[in-house]
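Here are a few friendly notes to read alongside the model. They begin with one residue and its neighbours, then turn to the core and the charged pairs.

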Amino acid sequence: MEQDGLDLISMELAVLIRGVTYISTKQKLGNLDRSGFLLLHQISTHGSVGVKTLANEFHLDISTVSRQASALEKKGYLTRKPDPYDGRAYTLHITELGAKEFNLYKNNRLNAIREVLEEWSEEERVAFGKYLRKFNQSLISKDYP
């Protein structure tokens with residue numbers, strides 16, 4: 001029996017999540033977890049930012065992002081600097097050590113993905129990446145009750 005599109009996507013997403021979890025536990029990519037990688041990526045790519053902005057970007061509670069940022073700060077990957085416009089707020093800045101750890105983790109992730117996709121053409125990789133981006137954008141653009 002042939003699966004319909006939604007059933008196929010649902011099943012393949014479950015397999016994908018299991019596979020990524022398996023690879024993550026088997027391969028030590030660095031000293032970051034997924035949330036730390038995403039926060040450092042956002043700051044590295046877009047510059048210093050406040051916790052509220054990050055929470056909005058990731059569709060998370062401010063307390064969750066603050067806790068994740070504090071963990072990165074304890075490792076020396078981020079520093080907090082007072083916001084010159086609001087004395088109660090601060091912005092997060094990536095440190096030299098944070099940039100080094102982020103790049104190490106990113107390169108290790110790319111190598112792991114390259115290994116998995118070694119049989120794929122560049123066209124297939126680009127198409128898959130575009131579909132993943134489209135899916136993720138659809139996922140985060142929905143308002144859930």
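1. A good place to start is Leu32, which touches Phe37, Leu40, Leu72, Tyr77, Glu101, Phe102 and Tyr105, leaving aside residues up to four places away in sequence. Contact here means heavy atoms within 4.5 Å.

2. Before going further, please keep in mind that this is a predicted model, where local features need pLDDT of at least 70, side-chain atom pairs count only at pLDDT 80 or more, and totals for chains, interfaces and linings use all residues. Residues are numbered from 1 along each chain as its sequence is written, and side-chain values use heavy atoms, with hydrogens and water left out.

3. Leu32 also appears in the largest nonpolar core, which has 18 residues; Leu32, Leu40, Leu54, Leu72, Leu78 and Leu92 have the most contacts inside it. Such a core is a set of buried (under 20% relative accessible area, 1.4 Å probe, protein chains only) Ala, Val, Leu, Ile, Met, Phe, Trp, Tyr and Cys residues joined through side-chain atoms within 4.5 Å. Two or more residues each come from helices H2 (34–46), H3 (51–58), H4 (62–74) and H5 (96–116), and H2 gives the most, with four. Helices are DSSP runs (H or I, at least four residues), numbered from the N terminus.

4. The whole structure holds two salt bridges (a side-chain nitrogen of Lys or Arg within 4 Å of a carboxyl oxygen of Asp or Glu). One joins Arg80 and Glu73 at 2.5 Å, N to O.

5. Glu122 forms a salt bridge with Arg125, with the closest N and O atoms 3.9 Å apart. These two residues are three apart in helix H6 (residues 122–141), so about one helical turn separates them. Glu122 is exposed, at 52% relative accessible area (exposed means over 50%).
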